[in-house]
Amino acid sequence: MNPHGQILVADDDAAIRTVLSQALSRAGHEVRVTSNAGTLWRWVAAGDGDLVITDVVMPDENAFDMLPRIRKARPELPVIVMSAQNTFMTAIKASESGAYEYLPKPFDLSELINVVSRALSEPRRAKASQRADDQAESMPLVGRSAAMQDIYRMLARMMQTDLTVMITGESGTGKELVARALHEYGRRKNGPFVAINMAAIPRDLIESELFGHERGAFTGAQHRSSGRFEQAEGGTLFLDEIGDMPMEAQTRLLRVLQQGEYTTVGGRTPIKTDVRIVAATNKDLRVLINQGLFREDLFYRLNVVPLRLPALRERSEDVPDLVRHFFSRAEAEGLQAKRITADGMEALKRYAWPGNVRELENLVRRLAALYPQDEISRENIEAELSAGVEPAPNVPSNIPEEFTIGQAVEQNLQRYFKMFGDELPPSGLYDRVITEVEYPLVLAALAATRGNQIRAADLLGVNRNTLRKKIRDLGITHYRETKR
Ligand SMILES: Nc1ncnc2c1ncn2[C@@H]1O[C@H](COP(=O)(O)OP(=O)(O)OP(=O)(O)O)[C@@H](O)[C@H]1O
(Lines give C-alpha, C1' and ligand atoms only; values in the text may rest on other atoms or scores of the structure.)
Protein backbone atom coordinates (compact mmCIF):
# COMPACT_ATOMS: atom_id res chain seq x y z
CA MET A 1 0.00 0.00 0.00
CA ASN A 2 1.21 3.49 -0.78
CA PRO A 3 1.97 5.77 2.14
CA HIS A 4 -0.23 8.82 2.36
CA GLY A 5 0.46 12.27 3.69
CA GLN A 6 -0.38 15.91 3.62
CA ILE A 7 0.88 17.57 0.47
CA LEU A 8 1.43 21.29 0.06
CA VAL A 9 1.04 22.49 -3.53
CA ALA A 10 2.14 25.93 -4.74
CA ASP A 11 1.51 27.09 -8.31
CA ASP A 12 0.19 30.38 -9.61
CA ASP A 13 -1.71 28.58 -12.36
CA ALA A 14 -5.20 27.74 -11.05
CA ALA A 15 -5.73 24.97 -13.61
CA ILE A 16 -2.60 23.16 -12.44
CA ARG A 17 -3.64 23.53 -8.80
CA THR A 18 -7.01 21.95 -9.60
CA VAL A 19 -5.55 19.07 -11.60
CA LEU A 20 -2.91 18.28 -8.99
CA SER A 21 -5.32 18.60 -6.14
CA GLN A 22 -7.77 16.15 -7.75
CA ALA A 23 -5.13 13.63 -8.73
CA LEU A 24 -3.39 13.66 -5.35
CA SER A 25 -6.68 13.43 -3.43
CA ARG A 26 -7.74 10.49 -5.61
CA ALA A 27 -4.46 8.82 -4.69
CA GLY A 28 -5.43 9.17 -1.03
CA HIS A 29 -3.43 12.23 0.03
CA GLU A 30 -4.59 15.28 1.89
CA VAL A 31 -3.87 18.35 -0.27
CA ARG A 32 -3.51 22.07 0.48
CA VAL A 33 -3.01 24.46 -2.41
CA THR A 34 -1.76 28.01 -2.69
CA SER A 35 -0.96 30.40 -5.52
CA ASN A 36 2.09 31.99 -3.89
CA ALA A 37 5.39 31.35 -2.19
CA GLY A 38 4.56 33.41 0.92
CA THR A 39 1.71 31.14 1.99
CA LEU A 40 3.71 28.04 1.21
CA TRP A 41 6.53 29.31 3.41
CA ARG A 42 4.12 30.04 6.29
CA TRP A 43 2.79 26.49 6.17
CA VAL A 44 6.26 25.00 6.03
CA ALA A 45 7.53 27.20 8.87
CA ALA A 46 4.53 26.15 10.98
CA GLY A 47 5.54 22.52 10.55
CA ASP A 48 2.65 21.59 8.24
CA GLY A 49 2.81 19.11 5.38
CA ASP A 50 4.78 15.95 4.65
CA LEU A 51 5.79 16.94 1.15
CA VAL A 52 5.89 20.07 -1.03
CA ILE A 53 5.19 20.36 -4.74
CA THR A 54 6.04 23.77 -6.08
CA ASP A 55 6.37 25.61 -9.36
CA VAL A 56 9.65 27.48 -9.84
CA VAL A 57 8.31 30.85 -10.89
CA MET A 58 5.71 32.35 -8.55
CA PRO A 59 4.50 35.94 -8.31
CA ASP A 60 6.24 36.73 -5.02
CA GLU A 61 9.34 34.55 -4.99
CA ASN A 62 11.27 32.06 -7.05
CA ALA A 63 11.17 28.56 -5.55
CA PHE A 64 14.93 28.17 -5.96
CA ASP A 65 15.42 31.15 -3.65
CA MET A 66 13.05 29.69 -1.09
CA LEU A 67 14.40 26.12 -1.18
CA PRO A 68 17.52 26.75 0.93
CA ARG A 69 15.25 28.28 3.61
CA ILE A 70 12.92 25.31 3.54
CA ARG A 71 15.83 22.92 3.79
CA LYS A 72 17.26 24.79 6.72
CA ALA A 73 13.97 24.85 8.58
CA ARG A 74 12.76 21.38 7.59
CA PRO A 75 15.69 19.33 6.23
CA GLU A 76 13.59 16.16 6.09
CA LEU A 77 10.75 17.69 4.02
CA PRO A 78 10.90 16.48 0.40
CA VAL A 79 10.30 19.20 -2.17
CA ILE A 80 9.31 18.39 -5.74
CA VAL A 81 9.96 21.22 -8.17
CA MET A 82 7.98 21.67 -11.38
CA SER A 83 9.11 23.94 -14.15
CA ALA A 84 8.20 24.93 -17.66
CA GLN A 85 11.67 26.33 -18.31
CA ASN A 86 13.10 23.02 -19.26
CA THR A 87 16.76 23.74 -19.55
CA PHE A 88 19.79 21.92 -18.27
CA MET A 89 20.35 24.70 -15.73
CA THR A 90 16.86 24.30 -14.28
CA ALA A 91 17.55 20.64 -13.61
CA ILE A 92 20.93 21.52 -12.13
CA LYS A 93 19.56 24.26 -9.91
CA ALA A 94 16.80 21.98 -8.71
CA SER A 95 19.36 19.39 -7.78
CA GLU A 96 21.83 21.85 -6.25
CA SER A 97 19.22 23.57 -4.16
CA GLY A 98 18.28 20.22 -2.71
CA ALA A 99 14.97 19.48 -4.44
CA TYR A 100 13.90 15.88 -4.03
CA GLU A 101 12.88 15.64 -7.66
CA TYR A 102 12.50 17.91 -10.62
CA LEU A 103 9.61 17.50 -13.04
CA PRO A 104 9.72 19.38 -16.34
CA LYS A 105 6.23 20.50 -17.41
CA PRO A 106 4.19 19.01 -18.91
CA PHE A 107 4.48 15.75 -17.02
CA ASP A 108 2.38 12.69 -16.58
CA LEU A 109 0.13 12.75 -13.51
CA SER A 110 0.88 9.09 -12.92
CA GLU A 111 4.59 9.95 -12.87
CA LEU A 112 3.97 12.62 -10.26
CA ILE A 113 1.94 10.24 -8.11
CA ASN A 114 4.78 7.71 -8.30
CA VAL A 115 7.37 10.28 -7.28
CA VAL A 116 5.17 11.42 -4.40
CA SER A 117 4.68 7.93 -3.01
CA ARG A 118 8.38 7.16 -3.43
CA ALA A 119 9.29 10.33 -1.52
CA LEU A 120 6.81 9.58 1.25
CA SER A 121 7.92 5.99 1.68
CA GLU A 122 11.68 6.68 1.75
CA PRO A 123 13.28 7.12 5.15
CA ARG A 124 13.65 10.84 5.80
CA ARG A 125 17.19 11.82 5.40
CA ALA A 126 18.55 15.27 5.55
CA LYS A 127 20.94 15.65 2.65
CA ALA A 128 24.10 17.51 3.36
CA SER A 129 23.40 21.13 2.70
CA GLN A 130 24.93 22.40 -0.47
CA ARG A 131 25.33 25.96 -1.49
CA ALA A 132 23.36 26.76 -4.60
CA ASP A 133 26.09 27.75 -6.89
CA ASP A 134 25.91 30.85 -9.05
CA GLN A 135 28.06 29.09 -11.59
CA ALA A 136 28.39 30.52 -15.03
CA GLU A 137 24.92 30.53 -16.49
CA SER A 138 26.46 29.46 -19.74
CA MET A 139 24.82 26.21 -20.53
CA PRO A 140 27.11 23.36 -21.37
CA LEU A 141 24.32 21.28 -22.87
CA VAL A 142 21.84 22.71 -25.29
CA GLY A 143 18.43 21.30 -26.24
CA ARG A 144 15.01 21.16 -24.63
CA SER A 145 13.54 18.08 -26.33
CA ALA A 146 11.86 15.46 -24.17
CA ALA A 147 14.79 13.14 -24.85
CA MET A 148 17.26 15.70 -23.48
CA GLN A 149 14.99 16.43 -20.51
CA ASP A 150 15.35 12.80 -19.51
CA ILE A 151 19.11 13.12 -19.78
CA TYR A 152 19.19 16.31 -17.66
CA ARG A 153 17.10 14.79 -14.92
CA MET A 154 19.24 11.70 -14.85
CA LEU A 155 22.39 13.86 -14.78
CA ALA A 156 21.05 16.02 -11.98
CA ARG A 157 20.43 12.88 -9.95
CA MET A 158 23.80 11.36 -10.77
CA MET A 159 25.68 14.52 -9.82
CA GLN A 160 24.99 13.99 -6.17
CA THR A 161 26.41 10.47 -6.30
CA ASP A 162 29.64 8.70 -7.16
CA LEU A 163 27.93 5.97 -9.16
CA THR A 164 29.69 4.68 -12.24
CA VAL A 165 28.01 5.95 -15.37
CA MET A 166 28.13 4.40 -18.82
CA ILE A 167 27.32 6.80 -21.63
CA THR A 168 26.38 5.28 -24.96
CA GLY A 169 25.44 7.03 -28.15
CA GLU A 170 26.55 7.52 -31.71
CA SER A 171 29.64 9.52 -32.44
CA GLY A 172 29.14 13.26 -31.95
CA THR A 173 26.08 13.01 -29.69
CA GLY A 174 27.87 14.75 -26.81
CA LYS A 175 29.19 11.87 -24.68
CA GLU A 176 32.31 13.69 -23.60
CA LEU A 177 30.37 16.88 -22.97
CA VAL A 178 27.98 15.00 -20.71
CA ALA A 179 30.85 13.36 -18.83
CA ARG A 180 32.37 16.80 -18.21
CA ALA A 181 29.04 18.24 -17.07
CA LEU A 182 28.66 15.36 -14.61
CA HIS A 183 32.00 16.29 -13.16
CA GLU A 184 31.80 20.06 -13.30
CA TYR A 185 28.41 20.33 -11.66
CA GLY A 186 28.86 17.39 -9.31
CA ARG A 187 30.38 17.12 -5.91
CA ARG A 188 33.82 16.31 -7.30
CA LYS A 189 34.01 19.58 -9.20
CA ASN A 190 37.03 20.74 -7.24
CA GLY A 191 38.94 17.59 -8.14
CA PRO A 192 40.55 16.84 -11.51
CA PHE A 193 38.71 15.65 -14.62
CA VAL A 194 40.96 13.31 -16.56
CA ALA A 195 39.93 11.94 -19.95
CA ILE A 196 41.56 9.08 -21.78
CA ASN A 197 40.53 7.69 -25.15
CA MET A 198 41.28 3.98 -25.48
CA ALA A 199 41.20 4.18 -29.27
CA ALA A 200 43.86 6.90 -29.37
CA ILE A 201 46.58 5.07 -27.45
CA PRO A 202 48.65 2.13 -28.70
CA ARG A 203 47.16 -0.96 -27.11
CA ASP A 204 50.39 -2.05 -25.48
CA LEU A 205 50.60 1.21 -23.58
CA ILE A 206 47.06 1.41 -22.25
CA GLU A 207 47.66 -0.45 -19.00
CA SER A 208 50.64 1.64 -18.13
CA GLU A 209 48.88 4.88 -19.17
CA LEU A 210 45.96 4.04 -16.91
CA PHE A 211 47.63 2.53 -13.89
CA GLY A 212 51.19 3.79 -14.16
CA HIS A 213 54.30 1.61 -14.11
CA GLU A 214 57.27 0.98 -11.88
CA ARG A 215 60.81 1.48 -12.93
CA GLY A 216 61.92 -1.61 -14.81
CA ALA A 217 58.36 -2.93 -15.11
CA PHE A 218 59.09 -3.77 -18.72
CA THR A 219 61.97 -3.32 -21.05
CA GLY A 220 62.52 0.37 -21.43
CA ALA A 221 60.58 1.52 -18.37
CA GLN A 222 63.43 3.56 -16.99
CA HIS A 223 61.43 5.66 -14.56
CA ARG A 224 58.41 5.20 -12.40
CA SER A 225 55.48 6.79 -14.12
CA SER A 226 52.11 7.83 -12.71
CA GLY A 227 48.94 6.70 -14.46
CA ARG A 228 45.65 8.42 -15.14
CA PHE A 229 44.10 6.87 -12.06
CA GLU A 230 46.64 8.62 -9.89
CA GLN A 231 46.15 11.88 -11.79
CA ALA A 232 42.37 11.66 -11.37
CA GLU A 233 42.52 11.00 -7.61
CA GLY A 234 39.62 12.76 -5.89
CA GLY A 235 38.04 13.56 -9.25
CA THR A 236 36.58 11.87 -12.30
CA LEU A 237 38.21 9.58 -14.84
CA PHE A 238 36.51 9.56 -18.23
CA LEU A 239 37.23 6.35 -20.13
CA ASP A 240 36.28 7.10 -23.72
CA GLU A 241 35.85 4.34 -26.31
CA ILE A 242 35.91 1.78 -23.54
CA GLY A 243 35.18 -0.97 -26.10
CA ASP A 244 38.76 -0.59 -27.30
CA MET A 245 40.26 -1.44 -23.92
CA PRO A 246 42.53 -4.50 -24.12
CA MET A 247 41.68 -7.53 -21.99
CA GLU A 248 44.52 -7.18 -19.48
CA ALA A 249 43.58 -3.58 -18.76
CA GLN A 250 39.96 -4.68 -18.41
CA THR A 251 40.97 -7.12 -15.70
CA ARG A 252 42.78 -4.41 -13.77
CA LEU A 253 39.88 -2.01 -14.16
CA LEU A 254 37.48 -4.64 -12.88
CA ARG A 255 39.56 -4.93 -9.75
CA VAL A 256 39.38 -1.18 -9.18
CA LEU A 257 35.61 -1.32 -9.46
CA GLN A 258 35.34 -4.32 -7.18
CA GLN A 259 37.89 -3.44 -4.54
CA GLY A 260 38.67 0.24 -4.98
CA GLU A 261 42.35 -0.50 -5.50
CA TYR A 262 44.84 -1.34 -8.23
CA THR A 263 48.49 -2.11 -8.71
CA THR A 264 50.76 -0.33 -11.14
CA VAL A 265 52.34 -2.30 -13.97
CA GLY A 266 55.23 -4.07 -12.31
CA GLY A 267 54.08 -2.99 -8.84
CA ARG A 268 52.91 -5.27 -6.09
CA THR A 269 51.51 -2.95 -3.46
CA PRO A 270 47.81 -2.32 -3.92
CA ILE A 271 47.00 1.39 -4.17
CA LYS A 272 43.67 2.65 -2.84
CA THR A 273 41.89 4.91 -5.23
CA ASP A 274 39.06 7.41 -4.97
CA VAL A 275 38.05 8.10 -8.53
CA ARG A 276 34.65 8.32 -10.11
CA ILE A 277 34.52 6.39 -13.36
CA VAL A 278 32.50 7.57 -16.32
CA ALA A 279 32.84 5.38 -19.41
CA ALA A 280 31.62 5.95 -22.95
CA THR A 281 31.27 3.92 -26.08
CA ASN A 282 29.71 4.15 -29.49
CA LYS A 283 30.09 0.43 -30.06
CA ASP A 284 27.64 -2.17 -28.90
CA LEU A 285 29.48 -3.75 -25.99
CA ARG A 286 27.15 -6.74 -26.02
CA VAL A 287 28.46 -7.63 -29.47
CA LEU A 288 32.04 -7.33 -28.17
CA ILE A 289 31.11 -9.54 -25.21
CA ASN A 290 29.79 -12.17 -27.62
CA GLN A 291 33.00 -11.96 -29.61
CA GLY A 292 34.99 -12.50 -26.44
CA LEU A 293 36.54 -9.03 -26.67
CA PHE A 294 34.92 -7.46 -23.63
CA ARG A 295 34.49 -8.91 -20.15
CA GLU A 296 30.88 -9.39 -19.24
CA ASP A 297 31.53 -8.90 -15.51
CA LEU A 298 33.25 -5.59 -16.26
CA PHE A 299 30.33 -4.54 -18.42
CA TYR A 300 27.91 -5.00 -15.52
CA ARG A 301 30.20 -3.12 -13.14
CA LEU A 302 30.44 -0.20 -15.57
CA ASN A 303 26.83 -0.19 -16.61
CA VAL A 304 25.54 0.75 -13.13
CA VAL A 305 23.83 3.81 -14.56
CA PRO A 306 23.40 3.54 -18.33
CA LEU A 307 22.85 6.84 -20.08
CA ARG A 308 21.93 6.64 -23.74
CA LEU A 309 22.38 9.86 -25.63
CA PRO A 310 19.83 10.22 -28.42
CA ALA A 311 21.00 10.75 -31.98
CA LEU A 312 20.28 14.26 -33.24
CA ARG A 313 17.77 12.93 -35.78
CA GLU A 314 15.71 11.60 -32.83
CA ARG A 315 15.42 15.11 -31.40
CA SER A 316 15.29 17.36 -34.42
CA GLU A 317 13.31 19.93 -32.40
CA ASP A 318 16.64 20.79 -30.72
CA VAL A 319 18.22 21.82 -34.02
CA PRO A 320 17.18 25.52 -33.87
CA ASP A 321 18.49 25.92 -30.30
CA LEU A 322 21.75 24.25 -31.24
CA VAL A 323 22.10 26.37 -34.38
CA ARG A 324 21.63 29.57 -32.36
CA HIS A 325 24.08 28.31 -29.77
CA PHE A 326 26.78 27.56 -32.33
CA PHE A 327 26.18 30.84 -34.19
CA SER A 328 26.60 32.83 -31.01
CA ARG A 329 29.75 30.93 -30.28
CA ALA A 330 31.05 31.73 -33.76
CA GLU A 331 30.15 35.36 -33.09
CA ALA A 332 32.10 35.28 -29.86
CA GLU A 333 35.05 34.07 -31.90
CA GLY A 334 34.78 37.18 -34.04
CA LEU A 335 32.68 35.89 -36.93
CA GLN A 336 29.69 37.82 -38.18
CA ALA A 337 26.19 37.22 -36.73
CA LYS A 338 23.87 35.24 -39.01
CA ARG A 339 20.27 34.08 -39.25
CA ILE A 340 18.73 31.15 -41.04
CA THR A 341 15.45 31.47 -42.92
CA ALA A 342 12.47 29.47 -41.66
CA ASP A 343 12.57 27.02 -44.56
CA GLY A 344 16.34 26.75 -44.16
CA MET A 345 15.80 25.73 -40.55
CA GLU A 346 13.21 23.19 -41.68
CA ALA A 347 15.77 21.68 -44.04
CA LEU A 348 18.21 21.38 -41.14
CA LYS A 349 15.56 19.71 -39.01
CA ARG A 350 14.75 17.20 -41.73
CA TYR A 351 18.36 16.23 -42.36
CA ALA A 352 19.47 12.92 -40.77
CA TRP A 353 22.73 14.17 -39.15
CA PRO A 354 24.82 10.97 -39.27
CA GLY A 355 27.60 12.89 -37.52
CA ASN A 356 25.13 14.25 -34.96
CA VAL A 357 25.79 17.47 -33.03
CA ARG A 358 29.42 17.56 -34.12
CA GLU A 359 28.32 17.60 -37.78
CA LEU A 360 25.80 20.38 -37.08
CA GLU A 361 28.42 22.36 -35.20
CA ASN A 362 30.83 22.10 -38.13
CA LEU A 363 28.14 23.07 -40.60
CA VAL A 364 27.22 26.18 -38.60
CA ARG A 365 30.84 27.14 -38.35
CA ARG A 366 31.19 26.77 -42.14
CA LEU A 367 28.08 28.89 -42.70
CA ALA A 368 29.36 31.56 -40.34
CA ALA A 369 32.76 31.67 -41.97
CA LEU A 370 31.96 31.23 -45.65
CA TYR A 371 28.76 33.17 -46.30
CA PRO A 372 28.98 36.94 -46.40
CA GLN A 373 25.22 37.63 -46.18
CA ASP A 374 23.33 37.95 -42.86
CA GLU A 375 20.59 35.57 -43.80
CA ILE A 376 21.29 32.01 -44.88
CA SER A 377 18.68 30.52 -47.22
CA ARG A 378 17.44 27.00 -47.70
CA GLU A 379 19.37 26.82 -50.99
CA ASN A 380 22.61 27.73 -49.20
CA ILE A 381 21.95 25.04 -46.65
CA GLU A 382 21.08 22.40 -49.18
CA ALA A 383 24.22 23.22 -51.11
CA GLU A 384 26.30 22.84 -47.96
CA LEU A 385 24.60 19.63 -46.93
CA SER A 386 25.15 17.94 -50.25
CA ALA A 387 28.69 19.21 -50.69
CA GLY A 388 29.95 19.00 -47.16
CA VAL A 389 32.33 16.19 -46.49
CA GLU A 390 32.29 15.98 -42.75
CA PRO A 391 35.44 15.63 -40.72
CA ALA A 392 35.60 12.14 -39.33
CA PRO A 393 34.61 11.43 -35.76
CA ASN A 394 37.36 12.08 -33.26
CA VAL A 395 39.27 14.25 -35.67
CA PRO A 396 39.30 17.83 -34.46
CA SER A 397 37.86 20.20 -37.04
CA ASN A 398 40.68 22.68 -36.63
CA ILE A 399 43.47 20.46 -37.92
CA PRO A 400 46.33 22.66 -39.05
CA GLU A 401 46.95 22.32 -42.76
CA GLU A 402 50.43 20.98 -42.35
CA PHE A 403 49.18 18.18 -40.12
CA THR A 404 49.23 14.80 -41.82
CA ILE A 405 48.06 11.35 -40.76
CA GLY A 406 51.63 10.20 -41.05
CA GLN A 407 52.68 12.73 -38.43
CA ALA A 408 50.01 11.57 -36.01
CA VAL A 409 51.10 7.96 -36.39
CA GLU A 410 54.72 8.97 -36.17
CA GLN A 411 54.19 10.85 -32.90
CA ASN A 412 52.52 7.84 -31.33
CA LEU A 413 55.19 5.53 -32.64
CA GLN A 414 57.91 7.73 -31.19
CA ARG A 415 56.20 7.61 -27.82
CA TYR A 416 55.92 3.86 -28.17
CA PHE A 417 59.60 3.41 -28.98
CA LYS A 418 60.57 5.76 -26.17
CA MET A 419 58.91 3.43 -23.69
CA PHE A 420 61.40 0.77 -24.64
CA GLY A 421 64.43 2.99 -24.27
CA ASP A 422 67.46 1.37 -25.84
CA GLU A 423 65.72 -1.91 -26.46
CA LEU A 424 63.52 -2.65 -29.44
CA PRO A 425 59.83 -3.43 -28.94
CA PRO A 426 58.52 -6.97 -29.50
CA SER A 427 58.31 -7.96 -33.18
CA GLY A 428 55.20 -7.91 -35.33
CA LEU A 429 54.89 -4.15 -35.25
CA TYR A 430 53.96 -3.78 -38.92
CA ASP A 431 50.80 -5.85 -38.71
CA ARG A 432 49.78 -4.29 -35.43
CA VAL A 433 50.13 -0.71 -36.61
CA ILE A 434 48.26 -1.43 -39.83
CA THR A 435 45.40 -3.08 -37.95
CA GLU A 436 45.16 -0.22 -35.51
CA VAL A 437 45.09 2.38 -38.25
CA GLU A 438 42.47 0.48 -40.22
CA TYR A 439 39.57 0.95 -37.82
CA PRO A 440 39.63 4.74 -37.54
CA LEU A 441 40.39 4.97 -41.26
CA VAL A 442 37.34 2.98 -42.33
CA LEU A 443 35.19 4.80 -39.77
CA ALA A 444 36.41 8.18 -41.00
CA ALA A 445 35.69 7.26 -44.62
CA LEU A 446 32.17 6.15 -43.69
CA ALA A 447 31.57 9.30 -41.70
CA ALA A 448 32.81 11.50 -44.51
CA THR A 449 30.46 9.79 -46.98
CA ARG A 450 27.60 9.61 -44.48
CA GLY A 451 27.69 5.83 -44.50
CA ASN A 452 27.55 5.47 -48.27
CA GLN A 453 29.69 2.38 -48.81
CA ILE A 454 30.11 2.88 -52.54
CA ARG A 455 31.53 6.36 -52.03
CA ALA A 456 33.53 5.26 -49.00
CA ALA A 457 35.08 2.40 -51.00
CA ASP A 458 35.87 4.88 -53.73
CA LEU A 459 37.38 7.34 -51.28
CA LEU A 460 39.57 4.64 -49.80
CA GLY A 461 40.36 3.17 -53.20
CA VAL A 462 39.29 -0.34 -52.28
CA ASN A 463 36.79 -2.70 -53.76
CA ARG A 464 33.31 -2.45 -52.25
CA ASN A 465 33.30 -6.08 -51.08
CA THR A 466 36.65 -5.58 -49.44
CA LEU A 467 35.21 -2.61 -47.57
CA ARG A 468 32.15 -4.63 -46.54
CA LYS A 469 34.36 -7.36 -45.14
CA LYS A 470 36.47 -4.82 -43.28
CA ILE A 471 33.38 -3.24 -41.77
CA ARG A 472 32.24 -6.64 -40.59
CA ASP A 473 35.65 -7.74 -39.33
CA LEU A 474 36.31 -4.48 -37.54
CA GLY A 475 32.90 -4.59 -35.89
CA ILE A 476 31.78 -1.19 -37.17
CA THR A 477 28.07 -1.15 -36.49
CA HIS A 478 26.84 2.39 -36.46
CA TYR A 479 27.03 3.39 -40.09
CA ARG A 480 24.14 1.91 -41.94
CA GLU A 481 24.35 2.26 -45.66
CA THR A 482 22.51 5.19 -47.17
CA LYS A 483 21.51 5.28 -50.80
CA ARG A 484 22.17 8.58 -52.53
N1 LIG B 1 23.74 19.05 -26.27
C2 LIG B 1 24.79 19.72 -26.77
N3 LIG B 1 24.85 21.05 -26.64
C4 LIG B 1 25.88 21.76 -27.13
N5 LIG B 1 26.93 21.22 -27.78
C6 LIG B 1 26.94 19.89 -27.94
C7 LIG B 1 25.86 19.07 -27.44
N8 LIG B 1 26.15 17.79 -27.74
C9 LIG B 1 27.32 17.80 -28.38
N10 LIG B 1 27.81 19.05 -28.51
C11 LIG B 1 29.07 19.43 -29.19
O12 LIG B 1 29.27 18.52 -30.25
C13 LIG B 1 30.63 18.12 -30.34
C14 LIG B 1 30.75 16.62 -30.15
O15 LIG B 1 30.46 16.27 -28.81
P16 LIG B 1 31.31 15.17 -28.00
O17 LIG B 1 32.74 15.22 -28.39
O18 LIG B 1 30.95 15.27 -26.58
O19 LIG B 1 30.64 13.87 -28.65
P20 LIG B 1 31.01 12.33 -28.42
O21 LIG B 1 29.70 11.63 -28.38
O22 LIG B 1 31.92 12.20 -27.25
O23 LIG B 1 31.74 11.99 -29.76
P24 LIG B 1 32.75 10.75 -30.09
O25 LIG B 1 32.00 9.48 -29.78
O26 LIG B 1 33.00 10.93 -31.54
O27 LIG B 1 33.94 10.96 -29.21
C28 LIG B 1 31.37 18.90 -29.27
O29 LIG B 1 31.96 20.04 -29.84
C30 LIG B 1 30.29 19.29 -28.30
O31 LIG B 1 30.61 20.48 -27.66
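Why is helix α4 (residues 88-96) largely enclosed by the rest of the structure? The points below take up this question and then other parts of the model, which is a predicted one.

1. **Helix α4.** Eight of the nine residues of helix α4 are buried, and the helix is therefore largely enclosed by the rest of the structure. The buried residues are Phe 88, Thr 90, Ala 91, Ile 92, Lys 93, Ala 94, Ser 95 and Glu 96. The cover over them includes two helices, α3 (63-73) and α6 (146-159), and two strands, β4 (79-83) and β5 (101-104). Just after α4, Gly 98 adopts a positive phi of about 90°.

2. **Strand β5 and its partner.** Strand β5, which helps to cover α4, is itself covered on both faces. Glu 101 and Leu 103 are buried on one side, and Tyr 102 and Pro 104 are buried on the other. The strand pairs with β4 in the parallel sense, over four bridges. Within this pairing, Val 81 stands opposite Tyr 102.

3. **A cis peptide bond.** The bond from Lys 105 to Pro 106 deserves the reader's attention: this peptide bond is cis, with omega near -5°. Pro 106 belongs to the loop between β5 and α5 (109-121).

4. **Asp 55.** The UniProt record, an unreviewed entry, places the feature "modified residue: 4-aspartylphosphate" at Asp 55. In the model, Asp 55 is part of strand β3 (residues 51-55). Is Asp 55 buried or exposed? Asp 55 counts as buried because it has 21 C-beta neighbours inside 10 Å, and 20 or more are required for that class. When neighbours within four places in sequence are left aside, Asp 55 is in contact with Ala 10, Asp 11, Asp 12, Ala 63, Met 82 and Ser 83.

5. **The surroundings of the ligand.** Which residues come nearest to the ligand? Of the 18 residues around the ligand, these are Ser 171, Gly 174, Lys 175, Glu 176 and Val 357. The elements that give two or more residues to this shell are the helices α7 (175-184) and α15 (356-370). Domain 2 (159-308) and domain 3 (313-387) each supply at least three residues. By class, the shell holds nine polar, five nonpolar and four charged residues.

6. **Positive phi outside glycine.** Two residues other than glycine may be checked here. Glu 241, with phi near 50°, lies in the loop between β8 (236-240) and α10. Glu 241 has 20 C-beta neighbours inside 10 Å and therefore counts as buried. Trp 353, with phi near 45°, lies in the loop between α14 (342-350) and α15. Trp 353 is buried as well, since 25 other C-beta atoms are found within 10 Å.

7. **Gly 260.** Gly 260 is situated in the loop between α10 (247-259) and β9 (261-262). With 13 C-beta neighbours inside 10 Å, Gly 260 counts as partly exposed, because a residue is called exposed only at 12 or fewer and buried at 20 or more. Apart from neighbours within four places in sequence, Gly 260 is in contact with Lys 272 and Thr 273. The C-alpha atoms of Gly 260 and Pro 270, which are ten residues apart along the chain, are separated by 9.5 Å.

How values were computed:
Residues are numbered from 1 along each chain as its sequence is written. This is a predicted model: local features need pLDDT of at least 70, side-chain atom pairs count only at pLDDT 80 or more; totals for chains, interfaces and linings use all residues. A residue is near a molecule or strand if its C-beta atom, placed from the backbone, lies within 6 Å of it. Ala, Val, Leu, Ile, Met, Phe, Trp, Tyr, Cys and Pro count as nonpolar, Asp, Glu, Lys and Arg as charged, and the others, Gly among them, as polar. Domain bounds come from an automatic or database domain assignment. Two residues are in contact if their C-beta atoms, placed from the backbone, lie within 7 Å. UniProt positions are given in the numbering used here, feature names are shortened, and annotations may be inferred rather than shown by experiment. Two strands pair if DSSP finds at least two bridges between them.
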